[in-house]
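Student: I'd like to learn how to read a few features of a protein model. Can we go through them together?

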Amino acid sequence: MMANQNTKSVRAAGTSMNKSRIKPLHVAAYLLLIAVSVVWLLPFVGIVLQSFRSFDTEYGGMVEYLLPKTFSLDNYTWLLSGESQFLRWYANTVTIAFFVAIGQTCMVLMVSYALSRMRFKGRTLWMRVCLILGMFPGFLTMICLYFLLKQFGLTQSGAVPGLILVSVASSGMGYYVCKGFFDTIPKSLDEAARIDGASRARIFFCMITPLSKPIIIYTALTAFMAPWNDYIFASYIVFGSSNNYNVAVALYRWVNEEAGYFTRFCAGGVLAAIPVTILFMCLQKYYVEGVTGGAVKG
């Protein structure tokens with residue numbers, strides 16, 4: 001009995017010592033995280049606050065305050081009115097992102113399913129080639145893609161379908177995460193369905209797709225985000241045709257070339273961030289499941 005009591009007292013003392021040692025570390029870690037969060041969020045907070053600053057102060061020179069002295073909705077009213085082309089640019093961005101999300105999701109799912117379930121000649125070689133090509137940045141092909149799209153009239157006034165085509169056509173190479181998710185689904189389900197006479201297409205649409213909701217949402221979100229934030233390639237394709245700008249290109253032209261548009265630039269940035277923020281808040285659970293599920297196997 002005495003030995004047991006001594007053992008318990010030693011364990012309790014050790015636990016209290018560990019807690020006393022760990023507590024300062026926790027406090028330091030939380031303070032560091034708070035400091036990093038403040039530094040990371042400060043630019044976003046500044047953009048939101050400046051978007052509510054009156055446009056009349058734009059020509060008064062640089063301001064030395066972050067919090068607007070007078071809050072105003074003039075910038076948002078002007079953006080949503082017919083005086084600017086912002087609604088047209090916003091519609092272009094939504095159109096490109098929507099069709100790219102649908103096209104890329106379908107393409108990636110089908111390629112990933114084929115590579116996960118089927119064995120055919122050249123499969124391993126093709127996967128290695130895609131892996132190597134994926135190491136090169138995409139902007140190396142911009143000149144080639146521009147002249148190719150120009151031959152089909154898909155630049156400037158036809159830039160919207162051109163951007164959709166380029167984004168969807170090359171999406172099959174991004175199969176890695178989705179294939180890893182499909183590898184976690186037992187192949188015995190496919191074999192049982194094949195014995196019952198189901199085709200590959202029916203297995204994919206009726207069995208695999210309902211089980212792959214997280215990876216489908218993950219793929220759609222990443223596909224939606226890419227054209228929504230695209231500036232480099234979009235500015236290269238749509239230059240000289242303001243009616244076909246996306247939001248990123250239009251806002252950059254405002255703040256870089258036009259005088260007195262900074263507060264409206266901030267308001268446009270806030271409006272552009274709203275859809276993406278809502279999507280991530282609503283679908284965060286499935287996004288995380290898709291990432292972790294697809295990282296199990298490669």
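Tutor: Sure, starting with accessibility: buried means under 20% relative accessible area, exposed over 50%, and partly exposed in between (1.4 Å probe, protein chains only). Here Cys-144 counts as exposed because its relative accessibility is 58%, while Cys-106, at 41%, is partly exposed. This is a predicted model, where local features need pLDDT of at least 70 and side-chain atom pairs count only at pLDDT 80 or more, while totals for chains, interfaces and linings use all residues. Residues are numbered from 1 along each chain as its sequence is written, and side-chain values use heavy atoms, with hydrogens and water left out.

Student: How many disulfides are there?

Tutor: A disulfide is a pair of cysteine sulfur atoms within 2.5 Å. By that rule, the count is zero.

Student: And how do I read aromatic pairs?

Tutor: You describe two rings by the distance of their centres and the angle of their planes. Rings of Phe, Tyr and Trp (its six-membered ring) pair if their centres lie within 6.5 Å; planes under 30 degrees apart are stacked, over 60 edge-to-face, and the rest tilted. This structure holds 21 aromatic pairs. Phe-98 and Phe-99 make an edge-to-face one, at 5.4 Å centre to centre with 80° between the planes. Tyr-146 and Phe-147 are also edge-to-face, because their planes sit at 70°, with centres 5.5 Å apart.

Student: Is Tyr-146 buried or exposed?

Tutor: Tyr-146 is buried, with a relative accessible area of 11%, whereas Phe-147 is partly exposed at 46%.
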